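Colleague: I'd like a close look at one part of this model, and then how the rest is laid out around the other parts you can describe. Could you walk me through it?

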Amino acid sequence: MASLPSVVVGNNLKLEPDLKKQNTSSSFSFDKRNYSTTTQLDKGLDSFGLDLKEAISVVREEDQKSGSSVYLGLLQECIENKSVSQTQGIHGHIVKTGTHQDLFIMTSLVNVYGKCGTMESARKVFDNLPKRNVVSWTSLMSGYVYNSQPELAISVFEEMLVVGGYPTNFTIGIVLNACSSLSNFDLGKQIHGYSLKYRIANDTSVGNALCSLYSKSGVLDSVLKAFQMIDEKNVISWTSVISACGDNGNSAAGLDVFVQMICEGVEPNEFTLTSVLSLCCVTQALAMGFQVHSLSIKLGNESNLRVMNSVMYLYLKNGLVREAKKLFDAMENINLVTWNAMIAGYAQMMDIAEDSVSAHRRGIQALEIFKKLNQSGMKPDLFTFSSILTVCSSLAALDQGEQVHAQTIKSGFLSDVVVGTALVNMYSKCGSIHRASKAFVEMSTRTLISWTSMITSFAQHGQSQQALQLFEDMKFIGVKPNKITFVGILAACSHAGMVDEAVSYFKMMKSVYKIKPVMDHYACLIDMFVRLGRLEEAFDLITKMEFEANEVIWSILIAGCRSHGKLDLGFYAAEQLLNLNPKDSETYFLLLNMYLSAGRWKDVSRIRKMMKAEKVGKLKDWSWMSIKDKVYSFKADDDQQRTAELKELLSDLHERAKNLGYEVQPSLEVTNDQAEEETTTTTTTSTISIVHHSEKLAVAFGLLNTASAAPIRVNKSISMCKDCHNFLKFISISTTRKIIIRDSKRLHRFENGECSCGDFCSLI
């Protein structure tokens, strides 16, 4: 619906003189009309315990005027019960008694049918009305909006205008809501113009609807202007503008509006509180979140699930696990939203955890909560499955992911595109590209996100040709790629060293799809040049980018410089990396190893002093794996974890690898002796035993405790060193096992002596 009909465009719209501005202190309803009733009619109005026949028998004993009063009470009960059959019964009795000539009763019937979800009946009653007034028209429009048929509401509005009807402020508010639902902002602006012309834009219902309209259109300034024009702002007005600020990327402004609302003495409702708590999450405004939590308790919302769920999620997102868990345990009634908030909260905390060990711990807690949800008898929904599959992806917890997969099949959620895409990601990140591909093929519906996820998965697993072929299939069926899709495509080209193809796709992205390159696109191209040893071209591309290189790009260049012996450029890149992340332990040890290898002792001393100044500790080399729902963790050089059987196996694996051509490549690692004076110019170095790195311990443990054909999956807190990487390539040959390692940089899938990373692995 692009515009109003000609009768309106010609400025023939007029407001009914007596209805220009309704009293906004009461809502638009039909049960507030004052009727004097007898004692028997009071029984009719309160006859919630009587069946329909008994209630209607009350009407027979009264005159028509009193009967109308009873009908209103019965119709209100039909709305509360959402009972179409009762409404139809009362409708029949109204016709039988001749009360259908009462416009007020019949207009009420239009409203009731709308609230009960039967707009066909509402329209039929409306079409047979003896006459129509603005309330009748507005009731029908309201019903269509209520039943998610906004286009029909606008059609009715145009009908009313054509026959000379006069809209009121309530009518205008409903039509604006219909425009919002349809995202018909042009028509909404026309309605806004008429509201200004007839001086009702300052009405509360109209102003609230305008706030909603402009919020959805993304014009926050117009929202604020519409809000400021409202003469009598109610809690809905304030809540609308607070939500609009959050929806349009200005959460801080939304919090300012909330403070102003409190200062003006307006009491927030549960929707206001949940909106504000959401803004506190976005802005990390924990202090204000505490105050809002206290206010919600003061206002009697301590048992309101909607509010408490929001508080709990705020605490989780800010790392306050104990507070969130305490709140969760104190809730008397828990709904699925509560469970979902807890699981999603722990999943979010994995992303902001200070280290991979803490992230793993949060993931395990999320799995435990999911287990309790299943034990509670409550059924998970697609949001639950999506969140828990994300957790399984981050943990590389294939066993648990397979169990969730089975549960989605049993519950019927497997066909949902969100769940299907989450399964693709889970299997890919757990190192099972075959199952990821199978999950993708079995999806009944695929979105751009689904296609992009599968393309990226192929690229990450080194299956470049499959990624590029899938991209062509996606284009063939008419799915338009986005910038993330091209990251996957360029990564696939990088892995395979396909320079010409990469350049072609890069140009296609810019010229055909008008996508402006971002950092990740350049990172893929730089990675490609570095893999091919074309370091000068990689560095030249870095200098020509429109923005400063990030940590990923400098890390890629460093790895290439170390692999190809370009130490001077590597030192420069390492210093740039250190400037970007001056507190990262891994970066310091990387730079130390590079200077130690080159014998640049002054630089070694300088870096050690910087480490002490920044209080950089030893690298936390942890690895962990899950076997039969139990998690086992390992750390480097831990004699307590090495049983006699494990020591024997490690020694045997080392000998078998040497027989296949493995050569030890020790790396220099600086000891963390805090007692050493800062002025010391010499550096003590040691080499952690080549069989004692944490991932080696984990792999050996997996070989002892899993079935002979089962892949071994290990998570590692830092990057693999070059020696461990080479060692595991030979172990994959000697044991004929698939070994999947997820370190802090990438996924490594060892099979038959090859790694999915293309041997472009280590920084340390």
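Modeller: Sure. One term before we start: a contact here means heavy atoms within 4.5 Å. Keep in mind too that this is a predicted model.

Let's zoom in on His521, which lies in helix H30, residues 519-531. Is His521 buried or exposed? With 0% relative accessibility, His521 counts as buried, because the cut-off for that label is under 20%. Setting aside neighbours within four places in sequence, His521 is in contact with Lys483, Phe486, Val487, Leu490, Phe506, Met509, Ile515 and Lys516.

Another residue to pick out is Ile526. Not counting residues up to four places away in sequence, Ile526 touches Ala538, Leu541, Ile542, Met545, Ile553 and Ile556. Ile526 also belongs to the largest nonpolar core, which has 185 residues. Within that core, Ile526 is one of the four residues that touch the most other members, and the others are Met141, Met312 and Leu557. Apart from this core lies another one of 29 residues, including Leu646, Tyr662, Met720 and Ile731.

For a contrast with His521, try Arg435. Its place is in helix H25, residues 433-441. At 35% relative accessibility, Arg435 counts as partly exposed, because that label covers values between the 20% and 50% cut-offs. Leaving out neighbours within four places in sequence, the contacts of Arg435 are Leu398, Glu402 and Tyr427. You can also check a backbone distance there: the C-alpha atoms of Arg435 and Val424 are separated by 7.7 Å, and the two residues are 11 apart along the chain.

Now for the strands. There is an open sheet of six strands with mixed pairing, in the order E2-E1-E5-E6-E7-E8. Its edge strands are E2 (630-635) and E8 (754-755), each pairing on one side only. Look inside the sheet and you'll find E1 (residues 622-627) and E5 (residues 712-716) running antiparallel, joined by two bridges. Ser623 stands opposite Lys716 in E5.

Helices lie across this sheet as well. Helix H21 (residues 356-375) lies across E1 and E2, and H21 runs at about 20° to E1. Helix H38 (residues 722-734) lies across E6 (739-742), E7 (747-751) and E8, at about 35° to E7.

So, back to where we began: His521 is the buried residue in helix H30, and Arg435 in helix H25 is the partly exposed one.

Definitions and conventions. Residues numbered from 1 in each chain as written. Predicted model: local features only at pLDDT ≥ 70, side-chain atom pairs only at ≥ 80, totals over all residues. Heavy atoms only, no water. Helix = DSSP H or I, 4+ residues; strand = E, 2+ residues; numbered from the N terminus. Buried < 20%, exposed > 50% of the residue type's maximum accessible area, 1.4 Å probe, protein only. Pairing = 2+ DSSP bridges. Axes fitted to C-alpha atoms, helices over the stretch in contact; angles between N-to-C directions. Core = buried A, V, L, I, M, F, W, Y, C linked by side-chain atoms within 4.5 Å.
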